[in-house]
Amino acid sequence: MRSFFLILCLLFAMPLYAVEPSEVLDDPVLESRAREISKELRCLVCRNENIDESHADLAKDLRLLVRERLVEGDSNVQVINYIVERYGEYVLLNPTLSGANKLLWVAGPVMLFLALGVGFAFVRRRQTETAIEELSQDEAARIAEMLKD
């Protein structure tokens, strides 16, 4: 019974990493760098999964490209810049705060405060309208007379 559960656990643990044995570099230092870089890059097919864990064909191509660039002698930053140059900034799991991204980073909080302001103004105006409606005709006439002054 224990061996059955052990085999079952091993089968479920296998798809944890999608890196195939044929992709692994012989140099452990380069392989660890490739894994670090792969964890920072988004799979363009799976959306919010890094290429190190994705089983998509495009993710495999990106993993091979990362390893190829590392073997050629590129630094981690150069490899990431090369991939961003080819596929755009969307490939980064953690986008940078530069260029058009600044607008996206600021747009969310600005829209939230704008919506809160509009909601506050709507509630406030509605409260004053109900307060005016509750006045009797005599009170409304007196207020109108005071406003004339």
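1. In this predicted model, the side chains of E31 and R35 form a salt bridge, with an N to O distance of 3.2 Å. Both residues sit in helix α2, which covers residues 28-40. They are four residues apart, so about one helical turn separates them. An α-helix has 3.6 residues a turn, so residues three or four places apart point the same way. The two partners differ in cover: E31 is buried, at 9% relative accessible area, whereas R35 is partly exposed, at 24%.

2. E31 has a second partner. A salt bridge joins E31 to R67, and their closest N and O atoms are 2.7 Å apart. Here the partners come from two helices, because E31 lies in α2 and R67 in α3 (residues 57-71). The pair therefore ties together parts of the chain that are 36 residues apart in sequence. Both E31 and R67 are buried.

3. R35 also has a further partner, D52. Their side chains meet in a salt bridge at 3.6 Å, N to O. D52 is in the loop between α2 and α3, while R35 is in helix α2, and the two are 17 residues apart, so this pair links distant parts of the chain. D52 counts as buried because its relative accessible area is 0%. Through shared partners, the salt bridges join E31, R35, D52 and R67 into one network. The structure holds five salt bridges.

4. Which residue has the cysteine sulfur closest to that of C43? It is C46, at 3.4 Å, which is too far for a bond. The cut-off that matters here is 2.5 Å between the sulfur atoms. Looking from the other side, the closest cysteine sulfur to that of C46 is the one in C43. The count of disulfides is zero. As for cover, C43 is buried, with 0% relative accessibility, and C46 is partly exposed, with 30%.

5. The overall fold can be described briefly. The chain has six helices and zero strands, and its pattern along the sequence is α-α-α-α-α-α. Of its 149 residues, 22% count as buried. Take the contacts between residues at least 6 apart in sequence: 51% of them join residues at least 24 apart.

6. The chain exposes about 11,400 Å², and carbon and sulfur atoms supply 62% of that area. On the surface there is a nonpolar patch formed by L97, W105, V106 and V110. Together these residues have about 420 Å² of accessible area. One of them, V106, is in helix α5, which runs over residues 100-133. V106 is partly exposed, because its relative accessible area is 48% and the exposed class begins over 50%.

7. Helix α6 (residues 137-148) allows a check on its length. At 1.5 Å a residue, its 12 residues should span 16 Å. The C-alpha atoms at its ends are 17 Å apart, which agrees with the expected value. How many of the 12 residues of α6 are buried? The count is zero, and the helix is hardly covered.

Conventions: Residues are numbered from 1 along each chain as its sequence is written. This is a predicted model: local features need pLDDT of at least 70, side-chain atom pairs count only at pLDDT 80 or more; totals for chains, interfaces and linings use all residues. Side-chain values use heavy atoms; hydrogens and water are left out. Buried means under 20% relative accessible area, exposed over 50%, partly exposed in between (1.4 Å probe, protein chains only). Patches are made of residues with over 30% relative accessible area and no salt bridge: like charges are joined within 9 Å, nonpolar side chains (Val, Leu, Ile, Met, Phe, Trp, Tyr) within 5 Å. Accessible areas come from the Shrake-Rupley method with a 1.4 Å probe; for residues, only the protein chains shown count as cover. A salt bridge is a side-chain nitrogen of Lys or Arg within 4 Å of a carboxyl oxygen of Asp or Glu. Contact means heavy atoms within 4.5 Å. The expected span of a helix is 1.5 Å times one less than its number of residues.
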